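Biologist: Could you take me through the salt bridges of this protein closely, and then show me what lies around them? I would like one connected account that I can follow with the model open.

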Amino acid sequence: MVEDNQPNRELLCDWLESEGFEVVYAENLEQSYAAYDTMVPHAILLDVQLGHEDGLSFARWIRHRQKLRHIPVLAVTAHAMVTDQKRVIQAGCDACISKPVDFKSLRQQLELWLNSPSPLRRIADCRR
């Protein structure tokens with residue numbers, strides 16, 4: 001997970017761990033590049049706005065890495081307008097989860113992408 005906001009990060013980590021996921025997190029792009037350059041996760045939850053940094057640049061970086069390009073990237077964002085959704089998907093994210101996070105929707109997206117036979121398929125379904 002890449003999330004700069006501590007309360008959001010703690011909430012997501014707690015929920016993911018309660019669902020049985022092992023969570024590795026980064027607070028900014030520098031930490032993200034370092035962490036994901038040495039590991040291959042099953043999925044990435046990505047905050048689109050990391051303070052003054054653009055989280056979508058990380059999604060583009062992931063898509064250009066041979067060992068990571070197949071990893072589902074789920075954007076978690078307060079920007080849920082249709083134009084924002086398009087920008088998120090065009091940057092390389094597979095799905096868009098609106099903040100505040102609806103955990104039922106997040107569970108559905110994780111189940112979809114972690115069990116998907118074609119992880120490169122793109123969807124633009126942001127849910128509240």
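Modeller: Happy to; here is a walk through the salt bridges, followed by a strand, a pocket and one lysine. This is a predicted model, in which local features need pLDDT of at least 70 and side-chain atom pairs count only at pLDDT 80 or more, while totals for chains, interfaces and linings use all residues. Residues are numbered from 1 along each chain as its sequence is written, and side-chain values use heavy atoms, with hydrogens and water left out.

Let me start with the general idea: side chains of opposite charge can pair when their charged atoms come close. A salt bridge here is a side-chain nitrogen of Lys or Arg within 4 Å of a carboxyl oxygen of Asp or Glu. By this rule the count is 7 salt bridges.

One of them joins Arg 107 to Glu 19, with 3.0 Å from N to O. Arg 107 sits in helix H5 and Glu 19 in the loop between helix H1 (6–18) and helix H2 (29–38), so this pair ties together parts that are 88 residues apart in sequence. Helices (H or I, at least four residues) and strands (E, at least two) are DSSP runs, numbered from the N terminus. For accessibility, buried means under 20% relative accessible area, exposed means over 50%, and partly exposed lies in between (1.4 Å probe, protein chains only). Arg 107 is partly exposed at 30%, and Glu 19 is partly exposed at 33%.

Next comes the salt bridge of Asp 94 with Arg 63, whose closest N and O atoms are 2.6 Å apart. Asp 94 belongs to the loop between helix H4 (82–90) and S5, and Arg 63 to helix H3 (residues 55–63), so the pair links distant parts of the chain, 31 residues apart. Asp 94 is buried at 0% relative accessibility, and Arg 63 is buried too, at 13%.

Asp 54 also forms a salt bridge, with Arg 60, at 3.3 Å between the closest N and O atoms. Here Asp 54 is partly exposed at 30%, and Arg 60 is partly exposed at 36%. There is also a network of salt bridges linking Glu 3, Asp 47 and Lys 99.

Now to strand S5 (residues 95–98): Ala 95 and Ile 97 point one way, Cys 96 and Ser 98 the other way, and all are buried. Strand S4 (residues 73–77) pairs with S5 in the parallel sense over 4 bridges; two strands pair if DSSP finds at least two bridges between them. Within S5, Ser 98 is the bridge partner of Thr 77.

Then there is the largest pocket, with a volume of about 340 Å³. Of the 15 residues lining this pocket, Glu 22, Val 23, Pro 41, His 42 and Ala 43 are the closest to its centre. Strand S1 (44–47) and helix H5 (103–114) are the elements that give two or more residues to the lining. A pocket, on a 1 Å grid over the protein atoms alone, is an open set of points where a 1.4 Å probe fits, with protein on both sides within 12 Å along at least five of seven lines; lining residues have an atom within 4 Å of a point. A volume is the space filled by probe spheres set on the points, which are joined across faces, edges and corners.

Finally, Lys 67 is in the loop between H3 and S4 and is partly exposed at 36%. Among the residues that Lys 67 touches are Tyr 36 and Asp 37, where contact means heavy atoms within 4.5 Å.

Methods: Lists of a residue's contacts leave out its neighbours within four places in sequence.
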